[in-house]
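The report below describes how the helices, strands and nonpolar cores of one model are arranged. Please read it alongside the sequence and the structure.

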Amino acid sequence: MLSLRSFLAEPIQRFIDLRRLSGTDYHSQTLLLGAFDRFVAEQVLDEPRVTRQLVDAYQQGLSALAPRTRANRMCVVRQLCRYLAARDRLVYVPEPVRAVPSLGAHCPYIYSREEIQALLAAAAALPLPDSLRPYTVRTLLGLLYSTGLRIGEALALNLADFHPPQQRLFIAAGKFRKARWIPLAPSVCHALANYIQRRLQLTPLGPQAPLFINLRGHRLHHCSINRDFHRLLAQCGIARGEHTGARLHDLRHTFAVNRLLAWYREECDVNARLPALATYMGHVSIASTQLYLHPTAELLAQVEQ
């Protein structure tokens, strides 16, 4: 149980309880709020309210930390301030701090449409053509590209999580244990239904049986699909490396960029749509989503029009 002792103890606890009720684990964020509470408790304040001076002093005290760590701490504080400001308009809400990539972080690779088509064609031609394997790999890669799912979320899907009449998937336990629904485009829904029709000819069956399985009928493992994907990259001539080049996770980055590009082409209010994208991708905040929005040449061309 978190021990809180500042004048913010009760509202901080209510805020934490609210976030947990929404299905978020919120463990690490709770610890960061505890650190903010301890800082506030040590201050001599003219009034029991979150002011700009208080927040600025806290941020200055984080100067010795790594940039990404500072950004994470201030992001949580900003979430709390927005919650408090809904009840007290005099509460200061700091400007969002853009998260800073860690040193040595991988530079995301944004796949072109032609590269995706080549990867899917190569997946369909994988060895053991009479087995489920080529269909599994092709369908999984297509799903990741079309929905931006995390690979762990896709591999954790069960047969019961696909709802064809509603054209959607249920993600029972995403990151931070947060469940959500994923609407599917008709073409994606059709491709997934075709795969499942083949999948149902093999065991295990039942609602809680895994959706994607390996040749032994067990749930497909990340190591297995990652190995196949690296082979497909080499076959299609797509480079991969330690800090640059293509990865499986970059399908998620590609989805986010393509979604943003589509909104610009449709002349939508992109800023108004970003919260919806954050929810769709299973992010706790828009700040996390912004890390996936990379300025490709095609995207910049649309922005400048």
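## Cores, first helix and sheet

The largest nonpolar core (a set of buried Ala, Val, Leu, Ile, Met, Phe, Trp, Tyr and Cys residues joined through side-chain atoms within 4.5 Å, where buried means under 20% relative accessible area with a 1.4 Å probe, protein chains only) has 55 residues, and those with the most contacts inside it are Tyr111, Leu140, Leu141, Leu149, Leu169, Leu184 and Phe212. Its largest share, 6 residues, comes from helix H6. This is a predicted model, in which local features need pLDDT of at least 70 and side-chain atom pairs count only at pLDDT 80 or more, whereas totals for chains, interfaces and linings use all residues. Residues are numbered from 1 along each chain as its sequence is written, and side-chain values use heavy atoms, with hydrogens and water left out.

Leaving aside neighbours within four places in sequence, Leu140 is in contact (heavy atoms within 4.5 Å) with Ile151, Ala154, Leu155, Phe212, Leu220 and Ile225. A second, separate core of 26 residues includes Leu4, Ala9, Ala35 and Val55.

In helix H1, the buried residues, among them Ala9, Phe15 and Arg19, pack against helix H2 (27-41) and helix H4 (67-85). Helices here are DSSP runs (H or I) of at least four residues and strands (E) of at least two, numbered from the N terminus.

The open sheet has 3 strands in the order S1-S2-S3 with antiparallel pairing, where two strands pair if DSSP finds at least two bridges between them.

| Strand | Residues |
|---|---|
| S1 | 162-163 |
| S2 | 168-171 |
| S3 | 180-183 |

S1 and S2 pair over 2 bridges, and His163 stands opposite Arg168 in S2.

Terms used
Buried means under 20% relative accessible area, exposed over 50%, partly exposed in between (1.4 Å probe, protein chains only).
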